[in-house]
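Please have the sequence and the three-dimensional view ready before reading on. This report is meant to be read beside them.

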Amino acid sequence: MNVTLFWALIVCVLLLIVFQFILRTPNNGAAKVVQPGLTRVRKASLVISVLLWLSVILSAYWCLSFLLGWPSLFQDRIRIVTSPNHIYSSPSEMPPTIFSLFLVKLGWGLFAAAAMLRLFWLYGKGIFFSAKNVSCLRFLGYYVIVEWFIDYQMQGTQHDVSMSITPIFVGFFIIFFAWIMDEGRKIQEEQELTV
Amino acid sequence: MPIIVNLDVVLAQRKMRLNDLADAVGITPQNLSVLKTGKAKAIRFSTLEAICETLGCQPGEILEYRPELPKKK
């Protein structure tokens with residue numbers, strides 16, 4: 001079997017896992033009553049969900065184009081730029097370490113996309129402060145941090161780029177906000193269960 | 001939680017239905033059901049007072065403290 005085809009299959013399997021992750025969310029939360037003021041938030045979330053789906057489809061095509069050598073929608077070939085001096089237009093040009101990290105980044109990005117889709121899908125359903133929202137938000141925080149480490153590894157092997165550590169702080173802030181949201185959710189739950 | 005709600009026992013002793021108690025106390029049967037099934041996280045003094053007044057009982061008859069058994073390692 002062709003190596004590129006093998007990796008394309010892995011991407012397809014990852015996509016399937018991501019879709020399973022989205023479909024696993026039960027829809028019983030839709031029964032929650034939404035205040036009229038939040039209707040606009042719901043509508044905006046649905047629009048963002050559609051845009052996210054489009055970006056996921058485009059990204060999937062972009063990745064498959066790179067892996068399989070398909071023509072790009074906007075240029076003749078897809079190019080991966082890991083640093084100004086390292087531009088790759090096909091997987092065969094990539095060193096094995098960089099290619100492996102690229103695939104890890106791809107898989108990790110798929111899970112992050114699933115978390116984003118799930119979060120906005122929940123907002124669209126009128127579920128704003130549930131444990132699922134918190135877990136999605138927390139995962140996105142971890143995603144930003146791990147993504148930075150993957151990039152660091154990718155660029156670190158080439159030793160020609162200095163990376164900003166801002167994403168690490170952003171990731172920690174997202175996790176921190178998710179924690180605060182979780183505590184607020186617990187207080188709300190306690191108030192709801194006060195007779 | 002080591003606090004046990006014995007509202008069902010007291011109701012059975014008084015031969016009273018949950019809906020009748022809810023009407024008498026002035027809270028929804030759903031909320032009273034939350035209390036009866038032990039899902040409630042807290043109870044207001046005003047609610048407890050109304051329940052005790054309606055059922056003619058003491059708070060200790062409705063609420064019971066039963067220490068949790070230590071988990072085996």
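What follows goes through chain B, the nonpolar cores, the salt bridges, one long stretch of chain A and the aromatic pairs.

The model is predicted, so that local features are reported only where pLDDT is at least 70 and side-chain atom pairs only at pLDDT 80 or more, whereas totals for chains, interfaces and linings use all residues. Residues are numbered from 1 along each chain as its sequence is written, chains are lettered from A and ligands numbered from 1 in the order in which they are written, and side-chain values use heavy atoms, with hydrogens and water left out.

**Chain B and the nonpolar cores**

Chain B contains five helices and two strands, where helices (H or I, at least four residues) and strands (E, at least two) are DSSP runs numbered from the N terminus. Along the sequence these elements follow the pattern β-α-α-α-α-α-β. Of its 73 residues, 29% count as buried, a word that here stands for under 20% relative accessible area, with exposed meaning over 50% and partly exposed anything in between (1.4 Å probe, protein chains only). Contact is taken as heavy atoms within 4.5 Å, and among the contacts in chain B between residues at least 6 apart in sequence, 64% join residues at least 24 apart.

A nonpolar core is a set of buried Ala, Val, Leu, Ile, Met, Phe, Trp, Tyr and Cys residues joined through side-chain atoms within 4.5 Å. The largest one has 20 residues, and those with the most contacts inside it are L7(B), L21(B), L32(B), L35(B), I51(B), L55(B) and I62(B). Two or more residues come from each of α1 (7-14), α2 (18-25), α3 and α4 of chain B, and α4(B) gives the most, with five. Beyond its neighbours within four places in sequence, L7(B) is in contact with several residues, including L18(B), K36(B) and I62(B). Apart from this core lies another, of 18 residues, among them F120(A), Y143(A), V144(A) and M181(A).

**Salt bridges and the residue K41(B)**

A salt bridge is counted when a side-chain nitrogen of Lys or Arg lies within 4 Å of a carboxyl oxygen of Asp or Glu, and the structure holds 11 of them over all chains. Three are listed here.

| Pair | Closest N to O distance |
|---|---|
| D151(A) and K105(A) | 2.7 Å |
| R185(A) and E189(A) | 3.4 Å |
| R17(B) and D20(B) | 3.6 Å |

In the pair of D151(A) and K105(A), D151(A) lies in helix α4 (residues 131-156) of chain A and K105(A) in helix α3 (residues 96-124) of chain A, so the bridge ties together parts that are 46 residues apart in sequence. D151(A) is buried at 18% relative accessible area, while K105(A) is partly exposed at 26%.

R185(A) and E189(A) are four residues apart in helix α5 (residues 166-192) of chain A, and are thus separated by about one helical turn. R185(A) is buried at 14%, whereas E189(A) is partly exposed at 32%. In chain B, R17(B) is exposed at 55% and its partner D20(B) partly exposed at 34%.

Which residues are linked with K41(B) in a network of salt bridges? They are R138(A), D182(A), E183(A), R185(A), K186(A) and E189(A). K41(B) lies in the loop between α3 (29-36) and α4 (45-55) of chain B and is partly exposed at 38% relative accessibility. Leaving aside its neighbours within four places in sequence, K41(B) is in contact with E189(A), E190(A), L193(A) and M1(B).

**Helix α2 of chain A**

Helix α2 (residues 39-68) of chain A has 30 residues and reaches 43 Å from its first C-alpha to its last, close to the 44 Å expected at 1.5 Å a residue, the expected span being 1.5 Å times one less than the number of residues. Among its buried residues are S45(A), L52(A), C63(A) and F66(A). Just after this helix, G69(A) takes a positive phi of about 75 degrees.

**Aromatic pairs**

Rings of Phe, Tyr and Trp (its six-membered ring) pair if their centres lie within 6.5 Å, and planes under 30 degrees apart count as stacked, over 60 as edge-to-face and the rest as tilted. By this rule there are 10 aromatic pairs over all chains. The rings of Y123(A) and F128(A) have centres 5.8 Å apart and planes at 20 degrees, so this pair is stacked. Y123(A) is buried at 17%, and F128(A) is buried at 11%. F173(A), F176(A), F177(A) and W179(A) form one aromatic cluster.
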